[in-house]
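Reader: I should be grateful for a formal account of the model shown below, with a close look at one part of it.

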Amino acid sequence: IEAISAYRGGAFRSAIVSSWVAVDYDIIAKAKELSAHGDAAAIAFVQEIEQAIQNNDVKKMQAIESVVLTTANEKLQLFAPHEFEDLSRLQKDRHLCAHPAFATDDALFQPTPELVRAHITHALKHLLINAPLQGKSAIERFHTDLLSPSFPVDGDSIGKFVRSKYLDRAKDVMVVNLIKSLLSAPFGSESANYIGQRHQVARTLREIAKAKTAIYDETAKDHVIRKFDAIPDTLLLSISAFIECDTRMWDWLPEPTRIRFRKLLNDADAETLNKHSGFDAFSIPELAAILLARFESFDQEVQVGVISQAPKREFIAPAIRIYGESWSWRGAENYGRALMIPLAPLMTPDDIKHMLDSVKDNGQVLGAHGTEEIFKSVLEQSKSVLAQSKQHWQDFLNEINEGRRTPRYPELRAKLDAL
């Protein structure tokens with residue numbers, strides 16, 4: 001505020017000095033906030049300042065101020081290279097304004113209005129309006145959050161969390177580095193930390209893409225083109241989760257990498273495909289044919305395990321066939337829980353009708369003790385299409401109860417009527 005007031009009053013040298021004071025103060029304030037979160041470099045810097053203040057060591061405080069930009073750049077990693085250069089110019093011009101001895105003998109430094117406006121803009125844009133977490137510490141904090149049990153799992157919640165805590169006040173360079181880190185970490189030296197978390201990482205990238213579309217499109221494409229070819233065979237199938245969330249990644253991959261991926265997909269067994277979320281590649285038509293061929297080559301119990309762990313729309317038809325052919329009460333219960341319930345959120349009204357038609361004449365399914373609970377779960381999980389599927393459920397209940405004194409599935413009927 002002082003800098004802007006001085007500028008408006010024509011006191012341009014005073015405006016530059018005030019801008020520098022604001023920068024100096026804000027760096028220290030951000031360092032204190034970072035130190036409170038455990039950043040080692042920030043803790044050391046703050047301790048150095050506090051020690052100098054406690055000892056009233058003026059020379060030490062002057063020395064700290066003289067290199068405060070370098071400290072913020074190299075140790076706290078608050079700036080991009082061009083930002084450091086801009087603020088270094090501000091510091092140099094501050095010296096010319098505050099110390100006439102820095103000027104030539106016959107000319108006092110006379111900053112132009114344009115120069116002052118540029119310095120004020122740079123101070124605001126590069127530092128003052130930004131959150132303290134911008135450099136390496138921000139990336140590390142983000143990944144700590146991402147891998148923690150409290151990190152949200154649904155897209156909307158992830159988006160709100162990431163935007164409010166990181167993106168809303170993030171500089172572009174921080175967003176770029178964050179995207180690169182999310183595309184690198186699951187395939188680098190720390191890949192073991194991301195086993196079982198790749199869907200989480202991919203969903204997070206998708207939310208970042210919504211919030212920072214232009215930055216994401218440029219950064220992600222460039223990274224995939226230049227870096228994904230180096231992913232080893234042992235991890236390459238793990239890019240499937242990322243491809244599912246952004247199918248453009250398949251087109252961005254260099255052709256040699258796509259050839260490697262297809263070969264690995266063709267040779268993978270069910271355990272490998274599940275481990276690396278390989279069935280997420282169904283989102284790419286040319287890969288879907290490979291995956292279906294691999295799935296059909298597995299025996300039925302392996303197929304059941306695959307569907308249970310990785311429910312996909314492409315599995316609905318074979319899952320209904322397996323369920324409809326259940327030959328025992330125990331088998332019907334196991335298949336219902338392993339196949340129908342996981343697939344229910346993906347079912348259309350026609351799928352639900354197909355499922356009900358496949359079992360209406362199978363006494364092993366109808367007579368199994370757990371069937372009613374299974375149907376209740378399927379009904380609950382497929383509520384999004386209830387308006388179109390309710391009649392199918394009613395017709396099914398009417399048909400299987402025709403002529404019976406004691407109707408089957410009264411709780412299912414009550415639940416259906418209540419919805």
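What share of the 419 residues in the protein do buried residues make up? I would then ask for a close look at helix H24: which of its residues are buried, and what covers them?

Author: The model is a predicted one, in which local features need pLDDT of at least 70 and side-chain atom pairs count only at pLDDT 80 or more, while totals for chains, interfaces and linings use all residues. Residues are numbered from 1 along each chain as its sequence is written, and side-chain values use heavy atoms, with hydrogens and water left out.

Of the 419 residues in the protein, 47% are buried; buried means under 20% relative accessible area, exposed over 50%, and partly exposed in between, with a 1.4 Å probe and protein chains only. The protein contains 26 helices and 0 strands. Helices (H or I, at least four residues) and strands (E, at least two) are DSSP runs numbered from the N terminus. The C-alpha trace spans about 110 × 50 × 40 Å along the principal axes. The radius of gyration is 31 Å, whereas a compact globule of 419 residues would have a value near 22 Å. That radius is taken over C-alpha atoms, and the globule rule is 2.2 Å times the number of residues to the power 0.38. About 21,000 Å² is exposed, and carbon and sulfur atoms supply 52% of that area, as computed by the Shrake-Rupley method with a 1.4 Å probe.

Helix H24 covers residues 371–381, and its buried residues are Thr-371, Glu-372, Ile-374, Phe-375, Lys-376, Val-378 and Leu-379. Their cover includes helix H20 (316–324), helix H21 (329–343), H22, helix H23 (363–367), H25 and H26.

One of these covering helices, H21, may be followed in detail. Two packed helices are described by the angle between their axes and the distance between the axes. For H21 and H24 the angle is about 5 degrees and the axes are 10 Å apart. Axes are lines fitted to C-alpha atoms, for helices over the stretch in contact, and angles run from 0 to 180 degrees between N-to-C directions. H21 and H24 are therefore roughly parallel to each other; angles under 35 degrees count as such, over 145 as roughly antiparallel, 65 to 115 as roughly perpendicular and the rest as oblique. On the H21 side, Ala-332, Glu-333, Gly-336, Arg-337, Met-340 and Ile-341 meet Ile-374, Ser-377, Val-378 and Gln-381 of H24, where contact means heavy atoms within 4.5 Å. The residues of this contact of H21 with H24 divide into 5 nonpolar, 3 polar and 2 charged. Ala, Val, Leu, Ile, Met, Phe, Trp, Tyr, Cys and Pro count as nonpolar, Asp, Glu, Lys and Arg as charged, and the others, Gly among them, as polar. Ile-374 and Val-378, which meet H21, are also among the buried residues of H24.

Two further helices that cover H24, namely H22 and H25, also pack against each other. Helix H22 (residues 349–359) and helix H25 (residues 386–400) form an angle of about 10 degrees, with their axes 8 Å apart. That makes H22 roughly parallel to H25. Pro-349, Ile-352, Lys-353, Met-355, Leu-356 and Val-359 of H22 meet Gln-388, Ser-389, His-392, Trp-393 and Phe-396 of H25. The contact of H22 with H25 consists of 7 nonpolar, 3 polar and 1 charged residues.

Beyond H25, the loop that leads to helix H26 (410–418) holds Tyr-409. Phi of Tyr-409 is near 55 degrees, a positive value in a residue other than glycine, and Tyr-409 counts as buried at 6% relative accessibility. Asn-56 offers a comparison: its phi is also positive, near 55 degrees. It is found in the loop between helix H3 (40–54) and helix H4 (58–66), yet Asn-56 counts as exposed at 58% relative accessibility.

Glu-333, one of the H21 residues that meet H24, also provides a reference point for Ser-283. These two residues are 50 apart in sequence and 30 Å apart in space, C-alpha to C-alpha. Ser-283 lies in the loop between helix H17 (270–275) and helix H18 (285–297) and counts as partly exposed, at 29% relative accessibility. Leaving aside neighbours within four places in sequence, Ser-283 is in contact with Ile-243, Glu-244 and Thr-247.
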